[in-house]
Amino acid sequence: MLRVIGILLLPMVYQTATAQQADENAKDYLIHASVYQWYGELDSNEDWRQNHPQVTLDFAEYPQSSWTQGAHQILDIAPVSEDSASNNPPAGHQVRVTLEFYPAAADSDHVTGQYMQQLITFSPDYQQVFKVETEMNERDDFESRYIASADTNLIRAFLYNWTQGLDEPDSASLTQWLASDAEVNLAETQVAGLSDYQAHMQAQGLTQSRRVIRNLKISPLDEQQYQVEFEYQWSAINGDGETEIAGIGASLRLSVVDGKVLVHVYTEQYLAPKTDLGAEVRC
Amino acid sequence: MTNNTRFILGKGISAAILCLVMIFFSNAAMAQMPVLKGIGGDFTLNSSKGVEVSLSDYQDKVVMLFFGYTNCPDICPTTIAHISQMVKRLTPEQRARVQVLFISIDTDYDTPEHLNKYLSYFDPSFVGLVDEKEKINHVAQLYHAEYSKLANEKVTTEFKKLSVDSEEQAQEGYLYSHSAKIFIIDTKSRVRGFFYVGTPIDDMKDQVISLL
């Protein structure tokens, strides 16, 4: 009987793993970029008031319901499904964000965090935040070390936008992120730079390009500069309808100045395909 | 219901479930092999056939590429035998469009003659390749096929040494740690995936045929 149960469970385990992979592949990087950008701006300084003039906040996370410096550490981003039966275009999109908020304290490194769920209403193009409503706000019963999150949230927002721009080169100008002396080396050695990348994809007949970000590591170099390392799991369909895949290692040196990310060095290289190590090397 | 009937019914249900699971997994495994970017490339090396051979010579063929060495005691002969069994199951027309290449990483010992004799035991159509160490290293790098010499000490596998040449070549045996992948290269010289000695022969055959 145990054997039968085991056999029955096998496909479920397989399907769960496949579903997790599918979830990662289906992650909407535009939404993730907008959410990280919002909290990055909110944690940087009070410029968010100019950047999102129409926003209505409940300030539930802040002491005395008034904005102060803090750190929103994002735990989960879940777009709220929309009514597909409606004929009218949506006035905005809603995204439910689960996060841990830490208020900055002038006199201590250790603060009490708050586990929160907020419902954000974005404009139809996700560029503006209209409303933030707090649905859950539970104070931790322990203290945590305060770690600022403004820059890392802005870097993550940039990465999602950058990745979206690489997958759909005509959707965004990637050069807006580059410093004047930026050095860019793509994995495809015959592609001279970002300006040639779109032409390269078109020449190869590549469509449905998708770069999934894995193993992201953000390390501060000094107060403004960061070293960012991660991997792309890239896939696309070529002109013959075949699936092309690659593992690409990416390394960036960037700075965050006044809430803006600026890339100084971006380097990609193809990675060796990952296979079962046990089957890999023998004597 | 007797105990015997219950037993037979139970076995029947188990077998049916097992069949369903096998069909499920075999369909998943049989998905079309993707094109792998960032791995592979053309190369030219001395061959066991006495002439230089390039990968591009085999365009329009599916190439099964393996890195190993003739003194390898276990994984090389097992893998080549596995490939050989698969090739035997192809029709003559299909076989004419499949080429097996064996690249020797033991540039100190293996010669084209060694490779020719060694591979003839499995299938005379298999081509062995060996050249200067730098050239082999370059090809191994192209295919991310890591290898390293483990030790220069005498090992118990010495009796397996092929002695096609003079006794001058007799020297101590040694082992290499090396990739056990069988690289599958399509008719456009693009790497499409890997097989291993554990890959079922029918799966290998179906995948190779799908690339022809």
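The following passage describes the domains, the sheet and one helix of chain A in a predicted model. Residues are numbered from 1 along each chain as its sequence is written, with chains lettered from A and ligands numbered from 1 in the order in which they are written. Local features need pLDDT of at least 70 and side-chain atom pairs count only at pLDDT 80 or more, whereas totals for chains, interfaces and linings use all residues.

The domain assignment, whose bounds come from an automatic or database source, divides chain A into domain 1 (29–83 + 90–148) and domain 2 (171–278). Their C-alpha centres lie 28 Å apart.

Five strands of chain A (DSSP runs of E, at least two residues, numbered from the N terminus) form an open, mixed sheet in the order 1-5-4-3-2. Strand 1 (56–57) and strand 2 (70–79) each have a single partner strand, so one side of each lacks a neighbour in the sheet. Pairing requires at least two DSSP bridges; strand 3 (residues 93–103) and strand 4 (residues 110–122) are joined in the antiparallel sense by nine bridges. A:Phe101 stands opposite A:Gln114 of strand 4.

Helix 2 (residues 29–44; helices are DSSP runs of H or I, at least four residues) lies across strand 2, strand 3, strand 4 and strand 5 (129–145) of chain A. Of its 16 residues, 14 are buried, that is, with 20 or more other C-beta atoms, placed from the backbone, within 10 Å of their own. A:His32 is found in this helix and is buried, because 23 other C-beta atoms lie within 10 Å. The C-alpha atoms of A:His32 and A:Tyr126, 94 residues apart along the chain, are separated by 9.9 Å.

Technical notes
Buried ≥ 20, exposed ≤ 12 C-beta atoms within 10 Å, placed from the backbone. Contact = placed C-beta atoms within 7 Å. Axes fitted to C-alpha atoms, helices over the stretch in contact; angles between N-to-C directions.
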